[in-house]
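Got your viewer open? Let's take a short walk through the model, one selection at a time.

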Amino acid sequence: MTRDWSALPSANSLWEATAAPARDFPVLSGDQQADVVIIGAGYTGLSAAHHIARSGLVPIVLEANRPGWGASGRNGGVITAKFRLSFREIDAVHGRAMARRMYEIAHESTDMVEELVSEFDIASANLTRTGQVKAAHNETTLRAAIDEADWMTREMGSAEVRILDKNAVRDETGSDIFVGGVLNPGSGGIHPLNYLRGLADGVARRGVSVFQESPVMRLRREKDGIVAETPQGAVRARQAIIATNSYSDLTGATAHLQRTLVPFRSAMVATAQLPRNLAGRLMPTGRTYTETKRMMRWFRMVDNRVIFGGRGAFGKQDSQAAFDALRKAMVGIFPDLAEVPLEYKWSGLVAMTLDSVPHIGRLDDRTLVSLGYNGAGVAMSSLMGRYLAAFVRGESPDVGLLDVSRMKTIPLYPLREPAVRMVAGWYQFLDAIGR
Ligand SMILES: Cc1cc2nc3c(=O)[nH]c(=O)nc-3n(C[C@H](O)[C@H](O)[C@H](O)COP(=O)(O)OP(=O)(O)OC[C@H]3O[C@@H](n4cnc5c(N)ncnc54)[C@H](O)[C@@H]3O)c2cc1C
């Protein structure tokens, strides 16, 4: 083994620069025994570890890099009760009972973040539930957003959604370019890396063993259980949980799961701190914001800086072209930011699935998985930890469309990169012509 796992670069993110110090976890060496070995220390793996330990079982967490190195340490920190597939689409295809169950799961997920932050007293996570505004860039998309909000109120009994006119969105954002929008007050924001570090620290303080720089290179069955082998040790357990999401191909041990995912690179930038008068004018309510465009961008104000993110790039590394495109889009919305330098730029992989929802459950009698959060995983992966613990205990929780039996391998997998580029180009065209 020649790779140095301690040397993998972390994201040059605002979160890294402002996070609480990371606890140092040991590297696994020698043999260990557990009830459950968990591969990956993001929100999925750490929440699973917490809920499994609470059931009276012994989990061990193995992380290839440092806890939070994956998407959990570098995301936008937007907390939403939704899936990429809308509840209306779910209703149309799978019926009302399924739509209602998925709606419940989505709301359980945002509550779970609150529960974990409170359970481990993670004040540095700065969790807020101030709401999210979906800002419309033209009348067509505004009508669609309002129609969707009306449907949610009428059919799902979602009382909280509010329609905003052009002036209200201008007051909300400080930008003049939107024609209106929809406010979802239940959404919120968080410091994603502090949340992650609070979870890692919290489970460790309660006695869960977490190992860093301990990549699982091989996962093999033995007579009564399963063995996760790392370069310097092994964990023998009765069950294994794969919590590697869009980084499932870091080693061969879980690489087969990558074929169920299309990894999209998602990029983010953060400006320098804004002068007080400008900071006071932009996004004064502290909500998070998305656009109605197909190539969706999102933004929020943290620490008097504008954070701006978007999806669409593809590739193994950060791309300057993606950062330039984000800056251009940001200045298009906020012309006052034209002269403000960007201080942080970073990116990570989000895991898209064929049916636009994550999947969780049992792969076989000893292996469980939860992945494919489609870029909306801060809350959902936190919740999936609780459901993983239920599966470990032998229960069969109702996870609706998330059931792993619905997980599909991507057809024509080697063609996924050109296919993603083609779809992204088509979406950009539709956005450009205002459809
Ligand atoms: C730039 C960006 C912005 C995002 N913004 C948002 C947002 O605003 N809101 C939202 O809800 N979601 C967002 N997401 C998605 C969200 O961050 C993820 O869905 C969520 O963090 C997934 O958590 P996880 O624990 O499943 O995976 P991860 O946090 O990616 O953790 C997987 C871990 O597995 C480890 N690993 C992989 N292979 C092995 C191995 N063989 N052995 C040991 N360890 C291994 C990796 O090192 C990694 O640390 C964003 C994602 C990105 C990349």
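The tour starts at the ligand and ends at a histidine.

Before you click: this is a predicted model, where local features need pLDDT of at least 70, side-chain atom pairs count only at pLDDT 80 or more, and totals for chains, interfaces and linings use all residues. Residues are numbered from 1 along each chain as its sequence is written, and side-chain values use heavy atoms, with hydrogens and water left out.

Select the ligand and show what lies near it (a heavy atom within 4 Å). You should get 36 residues, the closest being Thr-44, Glu-63, Ser-72, Val-78 and Val-378. Color them by type and you'll see 17 nonpolar, 17 polar and two charged; Gly counts as polar here, and Asp, Glu, Lys and Arg as charged.

Next, look for polar contacts, meaning N or O pairs within 3.5 Å. Ser-72 puts a side-chain N or O atom 2.5 Å from a ligand oxygen. At Tyr-43, a backbone N or O atom sits 3.0 Å from an oxygen of the ligand. Asn-75 has a polar side-chain atom 3.3 Å from a ligand oxygen. Taken alone the ligand exposes 1,000 Å², and the protein buries 98% of that (Shrake-Rupley, 1.4 Å probe).

Which elements give two or more residues to this shell? Pick α2 (43-54), β18 (342-352) and α10 (378-392); β18 gives the most, with three residues.

Now stay on helix α2 and select His-50. His-50 is buried, at 5% relative accessible area (buried means under 20%). Beyond neighbours within four places in sequence, His-50 is in contact with Leu-116, Glu-119, Phe-120, Val-203 and Arg-206 (heavy atoms within 4.5 Å).

How values were computed
A polar contact is a pair of N or O atoms within 3.5 Å; within protein, one must be able to donate a hydrogen and the other to accept it, and residues adjacent in sequence count only if both atoms are side-chain atoms. Helices (H or I, at least four residues) and strands (E, at least two) are DSSP runs, numbered from the N terminus. Buried means under 20% relative accessible area, exposed over 50%, partly exposed in between (1.4 Å probe, protein chains only).
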